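Open the model in your viewer and keep the selection tool at hand. We will go from one residue to its surroundings, and then on to a loop.

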Amino acid sequence: YEANKVSIYASRILIALFISLILLFLTHFSLNTVLFLIIAYLLIPLYLIYNFIRNLGNLFLHFVLNVIKYTVET
C-alpha cells in the first residue's frame, strides 16, 4: 500500500472527477446536481476535521454531518 499510495489516491480522484463531469453533463448542470457534488466533495474533509478536533467544535461538525446525511438520503 505505502509504495502505491499516491497512484491509488490519484486514480480515485480522477475517477470521481470523471463521474462528476458525466453527471453534470447528463443533468445539464442543474442546481441540484451541483449542490449534491459540492456536498459530496465536502464530506471527506469534514470527516477528517471531525476526527482530528476533540473539543466543542466537534458538536457543530457532528450536526453538519448529520444534516448532510439526512438530506442526501431523502
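Select S20 and show what touches it: beyond its neighbours within four places in sequence, S20 is in contact with L37 and Y41. Keep in mind as you look that this is a predicted model. S20 itself lies in helix α1.

Is S20 buried or exposed? Switch on a surface and check: the relative accessible area of S20 is 10%, and because buried means under 20%, S20 is buried.

Now display the side chain of S20 as sticks and look for two polar partners.

- Toward A16: the S20 side chain reaches the backbone oxygen of A16 at 2.8 Å.
- Toward Y41: the side chains of S20 and Y41 are joined by a polar contact of 2.7 Å.

**Step back to the two helices**

Next, colour residues 5-26, which form helix α1, and residues 31-52, which form helix α2. Two packed helices are described by the angle between their axes and the distance between the axes. Here α1 and α2 pack at an angle of about 165°, and their axes are 10 Å apart. Angles over 145 degrees count as roughly antiparallel, so α1 is roughly antiparallel to α2. Turn the view to see how they cross: α1 passes α2 in a right-handed crossing.

Which residues make the contact between α1 and α2? On α1, select A16, L17, S20, L23 and L24. On α2, add T33, V34, F36, L37 and Y41. You will recognise S20 and Y41 from the polar contact above. Colour this selection by class, and the contact of α1 with α2 shows eight nonpolar residues, two polar ones and no charged ones.

**On to the loop**

Finally, move to the loop between α1 and α2, where you can select H28 and then F29. Start with the backbone. Most residues other than glycine have a negative phi. For H28, however, phi is near 55°, a positive value in a residue other than glycine. Phi of F29 is also positive, near 55°, and F29 is likewise not a glycine.

With the surface back on, how exposed is H28? H28 has a relative accessible area of 68%, which makes it exposed. F29 has a relative accessible area of 46% and is partly exposed.

To end the tour, show S20 and H28 together: S20 is buried in this model, whereas H28 is exposed.

How values were computed: Residues numbered from 1 in each chain as written. Predicted model: local features only at pLDDT ≥ 70, side-chain atom pairs only at ≥ 80, totals over all residues. Heavy atoms only, no water. Axes fitted to C-alpha atoms, helices over the stretch in contact; angles between N-to-C directions. Helix = DSSP H or I, 4+ residues; strand = E, 2+ residues; numbered from the N terminus. Parallel < 35°, antiparallel > 145°, perpendicular 65-115°, else oblique. Left-handed = near helix turned anticlockwise from the far one by under 90°. Contact = heavy atoms within 4.5 Å. Nonpolar A, V, L, I, M, F, W, Y, C, P; charged D, E, K, R; others polar. Buried < 20%, exposed > 50% of the residue type's maximum accessible area, 1.4 Å probe, protein only. Polar contact = N/O pair within 3.5 Å; in protein donor to acceptor, adjacent residues only side chain to side chain.
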